[in-house]
Amino acid sequence: MIRLLVCVGPRCDAEGRGRALLADAQAALGEAFPQALADGRLKISTRDCLRHCTRDPVVRLEPSGEAFAGPDRETLLREIGAALRE
């Protein structure tokens with residue numbers, strides 16, 4: 001299973017940016033990988049802090065542990081698509 005963790009802690013969610021990233025990720029992944037979400041191979045979760053603080057919201061892919069600061073939609077789709085194919 002691939003899990004996308006979106007940080008919604010105080011720094012990442014400053015001005016609602018973490019939750020905006022979460023909403024965008026949910027929409028993008030729902031369109032691109034509906035079956036993976038439906039069958040549980042892909043999950044989206046939030047955390048209060050991922051301890052990778054930057055000025056941008058942070059996400060982490062599990063089980064790889066790879067973290068991305070302020071990823072755009074294309075980056076998320078590419079990285080999750082690759083992880084699902086592994």
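In this predicted model, Pro63 sits in the loop that links strand β3 to strand β4, the latter spanning residues 67–69. The peptide bond between Glu62 and Pro63 is cis, with an omega of about 20°. Strand β3 itself covers residues 58–62, and Leu61 is one of its members. Leu61 has a relative accessible area of 5% and is therefore buried, the cut-off for that class being under 20%. Setting aside residues up to four places away in sequence, the contacts of Leu61 are with Ile2, Arg3, Leu4, Glu66, Phe68, Glu79 and Ile80. Strand β1 runs over residues 2–7, and helix α3 over residues 73–85, which gives the reader a handy frame for placing these partners. Leu61 can also be located relative to Leu5: 56 residues separate the two in sequence, yet their C-alpha atoms are 6.3 Å apart in space.

The loop between β2 and β3 deserves a look next. Strand β2 comprises residues 42–47, and Arg51 belongs to the loop that lies between β2 and β3. Leu50 is placed in the loop between β2 and β3 as well. How do these two neighbours fare in terms of exposure, buried or exposed? Leu50 is buried, at a relative accessible area of 6%, whereas Arg51 is exposed, at 71%. The backbone of Arg51 is notable for a phi near 60°, a positive value in a residue that is not glycine. Leu50, for its part, touches Leu5, Cys7, Val58, Val59 and Arg60 once residues up to four places away in sequence are left out. With Cys7 the C-alpha separation is 6.0 Å, across 43 residues of chain.

A second positive phi in a residue other than glycine occurs at Glu15, again near 60°. Glu15 is situated in the loop between β1 and α1, and with a relative accessible area of 80% the residue is exposed. Gly16 is found in the loop between β1 and α1 too. Gly16 is partly exposed, its relative accessible area being 32%. From Gly16 to Pro57 the C-alpha distance is 9.6 Å, for a sequence separation of 41 residues.

Attention now turns to the helices. Two packed helices are described by the angle between their axes and by the distance between those axes. Helix α1, residues 17–32, packs against helix α3 at an angle of about 50°, and the two axes lie 10 Å apart. That angle falls outside the ranges for roughly parallel (under 35 degrees) and roughly perpendicular (65 to 115), so α1 and α3 are classed as oblique to each other. The crossing of α1 with α3 is right-handed. Which residues meet where α1 packs on α3? On the α1 side they are Leu21, Asp24, Ala25, Ala27, Ala28, Leu29, Glu31 and Ala32, and on the α3 side Arg73, Leu76, Leu77 and Ile80. By class, this contact between α1 and α3 involves nine nonpolar residues, three charged residues and no polar ones. Ile80 thus appears in two settings, as a partner of Leu61 and as a residue of α3 that takes part in the helix contact.

Leu37 is part of helix α2, which spans residues 34–38. Leu37 is partly exposed, with 27% relative accessibility. Beyond its neighbours within four places in sequence, Leu37 makes contact with Leu29, Gly30, Leu42 and Ile44. Of these, Leu29 is also among the α1 residues that meet α3. Twelve residues along the chain from Leu37 lies Ala25, and the C-alpha atoms of this pair are 12 Å apart.

Finally, the cysteines. How many disulfides does a search of the whole structure find? The search returns zero. Cys12 accordingly takes part in no disulfide, and its nearest cysteine sulfur, that of Cys7, is 3.4 Å away. Cys12 is buried, with 4% relative accessible area. Why is Cys49 not bonded to Cys53? Cys53 supplies the cysteine sulfur closest to that of Cys49, but the distance of 4.3 Å is too far for a bond, because a disulfide needs the two sulfur atoms within 2.5 Å. In contrast to the buried Cys12, Cys49 counts as partly exposed, at 36% relative accessibility.

Terms used
Residues numbered from 1 in each chain as written. Predicted model: local features only at pLDDT ≥ 70, side-chain atom pairs only at ≥ 80, totals over all residues. Heavy atoms only, no water. Helix = DSSP H or I, 4+ residues; strand = E, 2+ residues; numbered from the N terminus. Buried < 20%, exposed > 50% of the residue type's maximum accessible area, 1.4 Å probe, protein only. Contact = heavy atoms within 4.5 Å. Axes fitted to C-alpha atoms, helices over the stretch in contact; angles between N-to-C directions. Parallel < 35°, antiparallel > 145°, perpendicular 65-115°, else oblique. Left-handed = near helix turned anticlockwise from the far one by under 90°. Nonpolar A, V, L, I, M, F, W, Y, C, P; charged D, E, K, R; others polar.
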